[in-house]
Amino acid sequence: MQRSERQTDTAKLVNTYVDIGLLPQLHNRNHQIFYGRRGTGKTHVMKVLEKRFLDDEDSTVVYIDCRTLGSTTQFADGSLPMARRCLALFRDLLLVIHHSLLEHIIEFPSEQANEALEEADHLVSLITEPLTTLRASRVETEVSDAKTVNSEHSAQISLSGHSFGTNTNLGGRKSQEVVDRQNAEYTVDTDDKIIFPELYRNLKRVLELAETNLVILVDEWSSLPADVQPYLAEFLKRGVLPLNEATMKISALEYRCRFSNHTNTGLIGFELGADIATAPDLDDYYVFDRNPEQITDVYADVLFRHLSSELEEGYLGTQYGVHSGRQLASRLFTERATCAELARACEGVVRDLINIFTKAFFDSQRRGRDSIDKAAVVDSARQWFEQDKAQYLDDELQEVLRRIIDDVIGKRRARSFLLPRELERHPVVQRLFDARVIHHMQRGYADKDNPGVRYNIYSVDYGTYVDLLGTSKEPELDLFEREEPDIIVPFDDKRSIRRIVFHREVLES
């Protein structure tokens, strides 16, 4: 089962996708950003969204992986001017758009396809060629005045007896020459920039002539250098977003992106909510504790579809009598509760789900079992935590995580805790969350004991307490359904968790 970005068969990506309500919120003409941690399926969503838009022949769909933009020089050399670094990335992005427009014009020609191609040629000139201007660098003026005057006069009178006559000859010549010469030297100045009004007019003209709408799907935004991101967003805001015929969708890691920057001259980049909207976070859809039964069904369906796409057609039905995700949860596992344990262990990350399942399946096979038991899930979750998460935590994160675990699990036998919302962007919290060793359960919880203060509720990763399962130190895994002095009620169905509040000193001491 390949990662989405490595899967070249779009049909497989579409067939293995299980929608949990996000796609209908993205398949529209609005500019949007949606978030999700690594492994939650952002690229998979983008690929399925690409296919949905491609079904409309009136749309030109451009999928851009930001990891393929730019060069090593632009990323590594911080001494280069910011304008140069940003402009190079913007040009790369525009060239991908230009290439997709050419393909659409050729494959789906309109009545004005030839004119559209001409405008597209002009578009590539705007993108790649620097602006040139002539500037007079030196001017010399030469003035000379020459005059020549010649005059000649004669007169003759003759008399005779029979005639009277007069002959008069008058002659003259006058010349004047005035010379005014000006010599000028000009310098050709090149300015490496893109004129946004002209880019807007030209791009709009191409879309009108080609009779198409432009859909830009920008994936892996967070892979761009953080200092460049606001300026690239500003370029997109000026050059692309004003087009009524254009739609942009961006996927990103919430804590590793900077869409704007406040400067002395104003805001640089996107104004979230005004220029571009934010769609729901993928992490919010996969919280096991919010609806265990539904999430178990969703993950079972994910596994069923992925397995069906890789195995021979009908294999699961023939070998195991499995024709749906629900049947897989009951038959490929010893019981449905074992599949639910796998859903809990992956902590909302589909990539972790697939990897833990793969390990558990082969572990059960080695032990001669026909189905996956809980012991296989627990042991595979432990291995995956050590292999993919724990070893990448530095000393600082290890120490903070140990303090949290000692208090939450060791002293309170719980697995959840509260942090004041203003700490959600604390670097340590962001890094622990990004490393997938703490997980969001709910945002913006209002504690009745501290009115006016908002909290985010986190849980520690399954791998941090997997060794304690079945022992006297095992934390409470299921949420409580009772109210006690140290209990809070975070969910709509009145299920409760222990009230454990951490403050800044836990993260920094």
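Guide: Two strands count as paired if DSSP finds at least two bridges between them. Keep that in mind as we look around this model, which is a predicted one.

Visitor: Okay, let's start with the sheet. In what order do the three strands of the open sheet come?

Guide: The general idea is that strands of a sheet pair through backbone hydrogen bonds, either parallel or antiparallel. Here the order is 10-12-11, and the pairing is antiparallel. Strand 10 (416–420) and strand 11 are the edge strands, each pairing on one side only. From one strand to the next, the twist averages 30°.

Visitor: How many bridges join strand 10 and strand 12?

Guide: Five, with strand 12 covering residues 454–460 and the two strands pairing in the antiparallel sense. If you want a spot to click on, take Leu419: its bridge partner in strand 12 is Asn456.

Visitor: And which helix lies across strand 10, strand 11 and strand 12?

Guide: That's helix 17, and it runs at about 130° to strand 11.

Visitor: Now helix packing. How do I read that?

Guide: Two packed helices are described by the angle between their axes and the distance between the axes. Try helix 13 (residues 336–345) and helix 15 (residues 374–388): the angle is about 10° and the axes are 9 Å apart. Angles under 35 degrees count as roughly parallel, so helix 13 and helix 15 are roughly parallel to each other.

Visitor: Which residues of helix 13 and helix 15 meet?

Guide: On the helix 13 side, look for Thr338, Glu341, Leu342 and Ala345; on the helix 15 side, Lys374, Val377 and Ala381. Sorted by class, this contact has four nonpolar, one polar and two charged residues.

Visitor: Let's do charges. How many salt bridges does the count come to?

Guide: The count comes to 36. The cut-off behind it is a side-chain nitrogen of Lys or Arg within 4 Å of a carboxyl oxygen of Asp or Glu. Take Asp434 and Arg38, whose closest N and O atoms are 3.3 Å apart. Asp434 sits in helix 17 (residues 427–434), while Arg38 is in the loop between strand 1 (32–35) and helix 3 (42–54), so this pair ties together parts that are 396 residues apart in sequence.

Visitor: Is Asp434 buried or exposed?

Guide: Buried means under 20% relative accessible area, and Asp434, at 13%, counts as buried. Its partner Arg38 is at 38% and counts as partly exposed.

Visitor: Which residue meets Glu254 in a salt bridge?

Guide: Arg443, at 3.5 Å from N to O. This pair also links distant parts of the chain, 189 residues apart: Glu254 is in the loop between strand 6 (246–252) and strand 7 (260–263), and Arg443 is in strand 11 (residues 438–446). Glu254 is buried, with a relative accessible area of 17%, whereas Arg443 is partly exposed at 23%.

Visitor: What about a pair inside one helix?

Guide: Look at Asp406 and Arg402, which meet in a salt bridge at 2.7 Å, N to O. They are four residues apart in helix 16 (residues 395–411), so about one helical turn separates them. Asp406 is partly exposed, with a relative accessible area of 36%, and Arg402, at 40%, counts as partly exposed too.

Visitor: Last one: which residues are linked in a network of salt bridges?

Guide: Find Asp352, Asp388, Lys389, Arg436 and Asp461, which are linked in such a network.

Conventions. Residues are numbered from 1 along each chain as its sequence is written. This is a predicted model: local features need pLDDT of at least 70, side-chain atom pairs count only at pLDDT 80 or more; totals for chains, interfaces and linings use all residues. Side-chain values use heavy atoms; hydrogens and water are left out. Axes are lines fitted to C-alpha atoms, for helices over the stretch in contact, and angles run from 0 to 180 degrees between N-to-C directions. Angles under 35 degrees count as roughly parallel, over 145 as roughly antiparallel, 65 to 115 as roughly perpendicular and the rest as oblique. Contact means heavy atoms within 4.5 Å. Ala, Val, Leu, Ile, Met, Phe, Trp, Tyr, Cys and Pro count as nonpolar, Asp, Glu, Lys and Arg as charged, and the others, Gly among them, as polar. Buried means under 20% relative accessible area, exposed over 50%, partly exposed in between (1.4 Å probe, protein chains only).
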